[in-house]
Amino acid sequence: MTVTELRLYNSLTRAIEPFRPRTPGRATVYSCGPTVYSRQHLGNMRPYVLADLLTRVLRLQGLEVKHVINITDVGHLTDDADQGEDKLELAAQRSGSSALEVARVWTELFKRDLQRLEVREPDVWARATEHIPEQVAMIQQLEAKGLTYRGEDGVYFDTAKDPGYGALSRAKASAEHARVSAGASKRNPADFALWKFSPTEGPQRQLEWPSPWGVGFPGWHIECSAMATRHLGPHIDIHTGGIDHVAVHHNNEIAQSENALGVRPWVQVWMHGAWLLFDGEKVSKSRSHERLPPNLDDLSPLGVTPGGFRYYLYTAHYRSPLNLSGEALRGAETARKRLRAIVRAGAATDAAPTPPSSALGALRQKFHDALCVDLDAPRALAVLWQIADHSAPLPERAHLLRELGDVIGLGLAAPPPAMEDDALVESLVARRNQAREARDFALSDALRAELLAKGVIVEDSPAGSTWRRL
Ligand SMILES: [Zn+2]
């Protein structure tokens with residue numbers, strides 16, 4: 001098979017370009033990770049499936065990949081405006097546990113959700129609270145270059161001193177900045193906090209550190225710049241995130257890194273996953289929806305598996321918004337089941353795997369080529385169906401479907417969730433009931449997800465909890 005040149009859409013240049021890593025044979029990828037104060041909803045998961053598809057395709061290209069995802073466990077404030085409360089501190093107050101415990105529980109659940117979606121672990125999970133010295137050092141570099149100022153409540157980046165600021169969204173101070181600037185002690189709406197001072201009155205923060213500017217905590221944006229540099233060096237080949245990161249978070253990451261490190265461009269290719277729409281609206285966790293956006297557990301009552309959800313995400317290109325509907329999800333589940341049935345039927349024939357005939361070999365090439373044009377998953381899925389419906393012998397088609405399904409993490413040959421014995425299920429359900437009585441909803445949600453991963457659904461009613469197998 002021929003290795004086709006990989007071309008990727010770059011949000012910075014707004015063009016599809018050939019991908020050439022800075023160091024031949026090796027690619028570095030940084031993905032903005034979750035703020036771990038609550039459950040990640042389905043919209044949050046889309047960028048991680050994108051990052052996973054990307055790293056799989058890079059490896060197919062024969063590249064050695066180093067992938068970093070960060071875990072935001074401090075510094076992300078409730079209103080994104082460098083004001084308001086730290087999301088982790090607030091969740092800790094509400095649940096009565098420590099901020100680090102809140103972070104631990106939601107991080108574990110996030111990782112479990114990724115596993116269920118067949119998203120591979122990155123090479124490095126980078127936690128903000130474990131990289132405070134790196135963040136302080138980067139702020140000092142910016143300070144030494146005269147790019148910061150001290151406001152009432154923290155140290156800010158002075159965007160007026162950076163003529164290149166805002167290149168990613170091509171806006172010096174966008175409407176988004178005007179939205180998030182209210183009430184902050186800033187010179188310009190686009191300026192952003194690098195270090196926030198701990199409040200001198202009111203409740204004491206749990207997460208705070210000494211610094212050259214006083215006791216406080218880092219701003220949200222500096223963590224990504226500092227951690228990416230620590231783990232990947234001063235240049236990154238590809239940086240991924242959600243489309244909601246472009247206007248503020250990623251413009252700020254660029255400003256910090258390029259000025260502190262003296263490199264331009266810091267990132268070769270910026271990639272952004274589009275919105276997952278929920279009832280026709282953008283799904284954003286920070287919005288106060290009456291109804292919480294659905295998460296992976298909400299799929300099982302619809303008869304949809306995590307694998308079915310991943311298939312559904314592939315039905316649209318990652319740069320196209322996708323509207324979440326029960327009908328579309330069930331359609332994706334059925335389609336994936338049909339492909340799985342072919343793979344299973346092929347395996348049951350006991351025929352030794354054979355290399356695909358020339359007709360099927362051409363389809364395999366077509367599948368790889370589709371992925372090499374800006375990760376065109378819908379086109380790759382269409383090729384899977386051409387293989388499924390081909391006149392070639394069943395074992396040959398089944399073998400190729402299994403191989404290509406594995407390439408994009410569809411798990412067509414994966415066994416259904418293992419059955420656990422009743423005693424273990426009962427003990428997990430009992431632990432969950434105790435957690436619910438203690439109003440430890442984070443733990444109770446984590447146990448519910450653990451049971452679901454074992455193929456067990458728990459249903460709560462005023463009379464108590466019951467469970468059944470999927
Ligand atoms: Zn980030």
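Nine residues, R46, V49, L50, L53, L313, Y314, A316, Y318 and A377, line the second largest cavity of this predicted model. Two elements give two or more residues each to that lining, namely α1 (42–60) and α8 (306–314). The leading contributor is α1, with four residues. In chemical terms the lining is made of eight nonpolar residues and one charged residue, with no polar residue among them. The volume enclosed is about 90 Å³. A search of the whole structure returns three cavities of 30 Å³ or more.

From the cavity, the description moves to the strands. Strand β10 (residues 236–242) runs parallel to β11, and six bridges hold the pairing. Within this pair, T240 faces M271 of β11. The connection between the two strands passes through helix α7 (residues 246–261), and β10, α7 and β11 together form a right-handed β-α-β unit. Strand β11 (residues 267–273) is mostly covered, as six of its seven residues are buried. The loop that leads from α7 into β11 contains P265. A cis peptide bond joins this proline to R264, with omega at about 0 degrees.

A second strand pair has the antiparallel sense: β15 (residues 456–461) and β16 (residues 464–469) are paired over six bridges. Here I457 stands opposite R468 of β16. The two strands are joined by a hairpin through two residues.

Charged side chains offer another view of the fold. Side chains of opposite charge can pair when their charged atoms come close. A search of the whole structure finds 28 salt bridges. One of these is local: R104 and E101 meet with an N to O distance of 2.8 Å. Both residues belong to helix α3 (residues 99–116), where they are three residues apart, about one turn of the helix. With a relative accessibility of 43%, R104 counts as partly exposed, and E101, at 30%, is partly exposed as well.

Helix α3 also takes part in a longer connection. The side chains of E450 and R112 form a salt bridge at 3.9 Å, N to O. This pair links distant parts of the chain, with E450 in helix α14 (residues 441–453) and R112 in helix α3, 338 residues apart. E450 is partly exposed, its relative accessible area being 22%. R112 is likewise partly exposed, with a value of 26%.

A further salt bridge joins E134 to R230, with the closest N and O atoms 3.1 Å apart. This one, too, connects distant parts of the chain: E134 lies in helix α4 (residues 132–144) and R230 in helix α6 (residues 220–232), 96 residues apart. At 23% relative accessible area, E134 is partly exposed. R230 has a relative accessibility of 48% and therefore counts as partly exposed, since the exposed class begins over 50%. Beyond these pairs, R39, D113, R116, D297 and R448 are linked in a network of salt bridges.

Helix α6 holds another residue worth a look, H221. Is H221 buried or exposed? Its relative accessibility is 4%, so H221 counts as buried, the limit for that class being under 20%. H221 and G75 are 146 residues apart in sequence, yet their C-alpha atoms are 8.5 Å apart in space.

Finally, the backbone shows two residues with positive phi that are not glycines. One is E118, with a phi of about 60 degrees. E118 sits in the loop between α3 and β5 (124–127), and its relative accessible area of 31% makes E118 partly exposed. The other is L375, whose phi is about 50 degrees. L375 is part of the loop between α10 (358–372) and α11 (377–388). Which class does the accessible area of L375 fall into, buried or exposed? L375 has a relative accessible area of 1%, so this loop residue is buried.

Note on methods
Residues are numbered from 1 along each chain as its sequence is written. This is a predicted model: local features need pLDDT of at least 70, side-chain atom pairs count only at pLDDT 80 or more; totals for chains, interfaces and linings use all residues. Side-chain values use heavy atoms; hydrogens and water are left out. On a 1 Å grid over the protein atoms alone, a cavity is a set of points where a 1.4 Å probe fits but cannot get out, and a pocket is an open set with protein on both sides within 12 Å along at least five of seven lines; lining residues have an atom within 4 Å of a point. Grid points are joined across faces, edges and corners, and a volume is the space filled by probe spheres set on the points. Ala, Val, Leu, Ile, Met, Phe, Trp, Tyr, Cys and Pro count as nonpolar, Asp, Glu, Lys and Arg as charged, and the others, Gly among them, as polar. Buried means under 20% relative accessible area, exposed over 50%, partly exposed in between (1.4 Å probe, protein chains only). Two strands pair if DSSP finds at least two bridges between them. A crossover is right-handed if, with the strands pointing away from the viewer, the path from the first strand over the helix to the second runs clockwise. A salt bridge is a side-chain nitrogen of Lys or Arg within 4 Å of a carboxyl oxygen of Asp or Glu.
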